[in-house]
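With the model open in your viewer, follow the stops below in order, selecting the residues named at each one before reading on. A cartoon view with side chains switched on for each selection will serve throughout.

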Amino acid sequence: MQEGNQTYVKEFILLGITVSGGTQYILFILLLVTYTLTLTANLSIIMLVWSNASLHKPMYIFLGNLSFVEIWYTTSTVPKMLSGLLSRINSISFKGCFIQFYFFFSSGATEHFLLSFMGYDRYLAICHPLHYNVLMSTKKCWFLSAFSWIGSYLWALFPIILISKLPFCGPNKINHYLCDPGPLLELSCVRNYSTEVIFTVYIALFVFSNSFFTFISYAFIIRTILRIPSASGRRKAFSTCASHLIVVSIFFGCIMYMYIRPSGNHPFPLDKVVTVFYTVVTPLLNPVIYTLRNKEVLQVVKKMIRL
């Protein structure tokens, strides 16, 4: 497409993860196995929650939603990364790039909302146990889950529109394995700092508001746990939310590093490693952490194995 004497790009080239020789095939097998395990583990949690009446509780409804969004999240990036490892040139159309960007961002935003609401759910369960069933009813849980999905997919429209309106007239090589805003902003032929500031502030407000809400919930939880007189009581109370705290710390930490920092030249090799961690590794770790540290889920699994 041309406008005046300027030619606009129709596709981007994803440079992906730089490896040499036969290493790319080892990396392909490793990522394929991880992706397959991620799909299997998260689908298993969804089926467990769906098929067992004992797990039809707010905590596990949120967990089922989290597993579903992890499938979307990892599927928006990993298949393209796998094809890139086997292709000489890993190209993606202009529209395809921003479609990937949209689903990647909206899925990440959904996970932010869900993790925040899961923290709030644990706060109510530990700090207000006598009123928990009233404060967090099944109806309210489904409403918060629906809000997480609808709100995030609406929220993600603004950064997509903002960046897609920038002029891209070349070069078209993205130094990443996915269409991420940082490399895309650097490819714009007109460096628009106001756009970069608006984007950073928009992301920062979203991430900090969710993380603040989550950590306030845990501040109250820790205060309540410390007031429990017996050591066994404190351990039991903390064990119910320790797994969630691990997931939150990993996910929020990676997102803050990647998207809430000044614009400019960033260490792309390190960025790729961090991105692999929260797009490939974390979606696999989440079901493992939640199931291994949750006695109720383990009991349901053991019953199913005996059958």
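Begin with helix α4 and helix α9, and note that the crossing of these two helices is left-handed. Keep in mind throughout that this is a predicted model.

**Stop 1: α4 beside α9**

Select residues 94-127 for α4 and residues 193-226 for α9; the two axes come within 8 Å and cross at roughly 20°. Because angles under 35 degrees count as roughly parallel, α4 is described as roughly parallel to α9. If you colour the contact between α4 and α9 by residue class, you should find 17 nonpolar, seven polar and one charged residues.

**Stop 2: α4 against α6**

Keep α4 selected and add helix α6, residues 138-155, whose axis comes within 8 Å of that of α4 and crosses it at roughly 150°. The angle makes α4 roughly antiparallel to α6, and the crossing of this pair is right-handed.

Now show the side chains where the two helices meet. From α4, the participants include Y102, F103, F105, F113, F117 and Y120, while those from α6 include K140, L144, F147, W149, Y153 and W155. Smaller residues also take part, among them S106, S107 and A109 in α4 and S148, G151 and S152 in α6. Sorted by class, the residues of the contact between α4 and α6 comprise 13 nonpolar, six polar and one charged.

**Stop 3: F101, in α4**

Stay on helix α4 and select F101, which lies within it. Is F101 buried or exposed? With a relative accessibility of 0%, F101 counts as buried.

Next, display its surroundings: leaving aside neighbours within four places in sequence, F101 is in contact with P159, I160, I163, C179, P181 and L184. For one of these partners, P159, a distance label between C-alpha atoms should read 9.4 Å, although F101 and P159 are 58 residues apart along the chain.

**Stop 4: the disulfide of C97 and C179**

C179, which has just appeared among the contacts of F101, leads to the next selection. C97 and C179 form a disulfide, with their sulfur atoms 2.0 Å apart. The link is left-handed, with -130° about the S-S bond. C97 lies in helix α4 and C179 in the loop between β5 (173-174) and α8 (181-187), so this pair ties together parts that are 82 residues apart in sequence.

Switching to a surface view is useful here. C97 counts as buried at 0% relative accessibility, and C179 is likewise buried, with a relative accessible area of 1%.

**Stop 5: the disulfide of C169 and C189**

Which cysteine does C169 join through a disulfide? Its partner is C189, with an S to S distance of 2.3 Å. This pair links distant parts of the chain, with C169 in the loop between α7 (157-164) and β5, C189 in the loop between α8 and α9, and the two positions 20 residues apart.

Under the surface view, C169 is partly exposed, with a relative accessible area of 24%, and C189 is partly exposed as well, at 30%. The count of disulfides comes to two, and when the bonded cysteines are counted along the chain, the pattern is 1-3, 2-4. While cysteines are still displayed, select C254 too, which counts as buried at 12% relative accessibility.

**Stop 6: L245, in α10**

Move now to helix α10, residues 231-259, and select L245, which is found there. Apart from residues up to four places away in sequence, L245 touches Y218 and F238. To place L245 relative to an earlier stop, draw a distance to I160, one of the contacts of F101: the C-alpha atoms of L245 and I160 are 30 Å apart in space, and the two residues are 85 apart in sequence.

**Stop 7: V280, in α11**

Finish at V280, which lies in helix α11, residues 268-292. V280 counts as buried, at 3% relative accessibility. Not counting residues up to four places away in sequence, V280 touches L31, T34, T38, V78, M81 and T275. Of these contacts, T38 deserves a distance label: V280 and T38 are 242 residues apart in sequence, yet 8.2 Å apart in space from C-alpha to C-alpha.

Methods
Residues are numbered from 1 along each chain as its sequence is written. This is a predicted model: local features need pLDDT of at least 70, side-chain atom pairs count only at pLDDT 80 or more; totals for chains, interfaces and linings use all residues. Side-chain values use heavy atoms; hydrogens and water are left out. Axes are lines fitted to C-alpha atoms, for helices over the stretch in contact, and angles run from 0 to 180 degrees between N-to-C directions. Helices (H or I, at least four residues) and strands (E, at least two) are DSSP runs, numbered from the N terminus. Angles under 35 degrees count as roughly parallel, over 145 as roughly antiparallel, 65 to 115 as roughly perpendicular and the rest as oblique. A crossing is left-handed if the near helix is turned anticlockwise from the far one by less than a right angle, and right-handed if clockwise. Ala, Val, Leu, Ile, Met, Phe, Trp, Tyr, Cys and Pro count as nonpolar, Asp, Glu, Lys and Arg as charged, and the others, Gly among them, as polar. Contact means heavy atoms within 4.5 Å. A disulfide is a pair of cysteine sulfur atoms within 2.5 Å. Buried means under 20% relative accessible area, exposed over 50%, partly exposed in between (1.4 Å probe, protein chains only).
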